[in-house]
Amino acid sequence: MTYKGILDRYGHLLDLPEHTKKITLLEGNTPLIPMPRLTRDLGAEAIYIKYEGLNPTGSFKDRGMTAAVSEAIGRGAETVICASTGNTAASAAAYAGRAGLRAVVLIPEGKVAAGKLAGAIAYGAQVIQIEGSFDDALTMVVEITKTTPLALVNSINPYRIEGQKSGAFEICDTLGDAPDWHCLPVGNAGNITAYWAGYKQYAKIKGINLPKILGVQAAGSAPLVVGHPVENPETVATAIRIGKPARGEQALMAAEESGGRIIAQSDESILEAQRILASEGVWVEPASAAGLAGLKAEIEAGKFDPKGQKIAIVCTGHGMKDPGIIADSMPTPELIPAEMGALRELLGV
Ligand SMILES: *Cc1c(COP(=O)(O)O)cnc(C)c1O
């Protein structure tokens with residue numbers, strides 16, 4: 001059967017209005033990649049990476065965007081607008097382009113990774129930089145959509161969450177059950193909310209088990225761990241550089257209800273996890289490595305017994321989104337003269 005995107009495959013399980021008119025780029029259906037070396041090193045039964053970087057615009061945001069833009073065009077919207085740390089902008093721009101709608105995206109000045117900004121511009125969005133944070137930008141788009149026909153496509157939009165539930169469905173369909181643990185980064189907290197809703201829905205209709213959820217924030221940007229909004233969030237993981245998560249309450253509830261937790265990890269630990277994943281062939285952007293960073297830290301601290309556990313880690317965005325981080329955090333390639341002797345010497349052969 002030809003794959004036609006997540007609204008086609010899972011639309012009957014998503015709470016979308018009648019007027020929804022399918023706009024798709026064949027998002028979803030991403031691989032759940034077994035990680036044998038990581039599994040062995042951490043002592044688990046099986047660790048899988050849900051590689052969301054392989055969505056059409058390079059992040060999981062496409063799952064929610066197909067639903068949000070399909071609803072918006074169905075009700076006659078002409079313009080979609082969002083605040084973004086980058087990936088939502090690229091996704092909104094692509095789906096709006098596909099639908100023939102105008103896209104406006106607000107981003108925090110100077111804090112968006114190159115691959116994301118380039119995407120938003122390439123897809124034809126009107127990109128506006130705000131002299132402020134993501135949280136400021138979100139406040140502004142919420143305000144403007146209250147009094148104008150502009151359609152809000154941030155994850156406060158309930159259809160974004162509906163679409164993103166498909167990630168949980170896919171993991172369960174692949175494994176034949178839910179994993180024991182589900183690890184993922186937490187920024188504005190839409191994704192953790194959606195996964196938990198998706199797992200609960202599948203548990204009800206398919207009788208599968210429920211996973212425990214480990215949500216991971218960046219230490220410099222961890223409002224759900226410190227228990228209050230963070231005024232000036234800072235982290236290399238720009239996709240989760242969010243001080244006031246719109247769905248923070250729901251994220252805390254998901255973690256608690258599932259028997260899991262939300263923790264914070266340093267930038268150093270996140271970048272190390274990024275290197276570990278890349279060394280086994282999966283290059284992700286820094287935020288996407290937070291799930292592994294948290295899991296590894298919990299195991300090393302003796303707070304998590306990996307024995308016999310099946311663990312799914314969502315890697316939310318592709319490494320190519322943030323090429324700058326590699327130049328900044330990893331050694332630059334060696335430079336030698338174009339001579340065989342120099343090459344032999346360097347390689348020791
Ligand atoms: C948006 C995003 C996140 C955070 O997801 P939330 O739903 O905001 O918690 C994490 N990683 C990447 C790559 C993202 O684009």
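Start by selecting Asn188 together with the ligand: a backbone N or O atom of Asn188 lies 2.7 Å from a ligand oxygen atom. Keep in mind as you go that this is a predicted model.

Now add Gly190 to the selection. One of its polar backbone atoms is 3.1 Å from an oxygen atom of the ligand. Then pick Thr316, where you should show the side chain: a polar atom there lies 2.7 Å from a nitrogen atom of the ligand. With these contacts on screen, switch on a surface if you like; the protein covers 97% of the 380 Å² of accessible area that the ligand has on its own.

Next, widen the view to the whole shell. There are 17 residues around the ligand, and those that come nearest are Lys61, Asn87, Gly187, Asn188 and Thr316. Try colouring the shell by residue type: you will find seven nonpolar, eight polar and two charged residues.

What does the ligand sit in? Its place is the largest cavity. The count of cavities of 30 Å³ or more comes to one, and the largest cavity holds about 290 Å³ of space. Select its lining next, which is made up of 27 residues; Phe60, Lys61, Gly187, Asn188 and Ala239 are the ones nearest the cavity centre. To see which elements contribute, highlight α4 (87-99), α7 (158-164) and α9 (190-206), the elements that each give two or more residues to this lining.

For a last stop, colour the lining by type as you did the shell. Here the residues divide into nine nonpolar, 15 polar and three charged.

Terms used:
Residues numbered from 1 in each chain as written. Predicted model: local features only at pLDDT ≥ 70, side-chain atom pairs only at ≥ 80, totals over all residues. Heavy atoms only, no water. Near = heavy atom within 4 Å. Polar contact = N/O pair within 3.5 Å; in protein donor to acceptor, adjacent residues only side chain to side chain. Areas by Shrake-Rupley, 256 points an atom, 1.4 Å probe, with all protein chains shown as cover. 1 Å grid on protein atoms, 1.4 Å probe; cavity = no way out; pocket = protein on both sides within 12 Å on 5 of 7 lines; lining within 4 Å. Sits in = over half its atoms within 2 Å of the grid points. Nonpolar A, V, L, I, M, F, W, Y, C, P; charged D, E, K, R; others polar. Points joined across faces, edges and corners; volume = space filled by probe spheres on them. Helix = DSSP H or I, 4+ residues; strand = E, 2+ residues; numbered from the N terminus.
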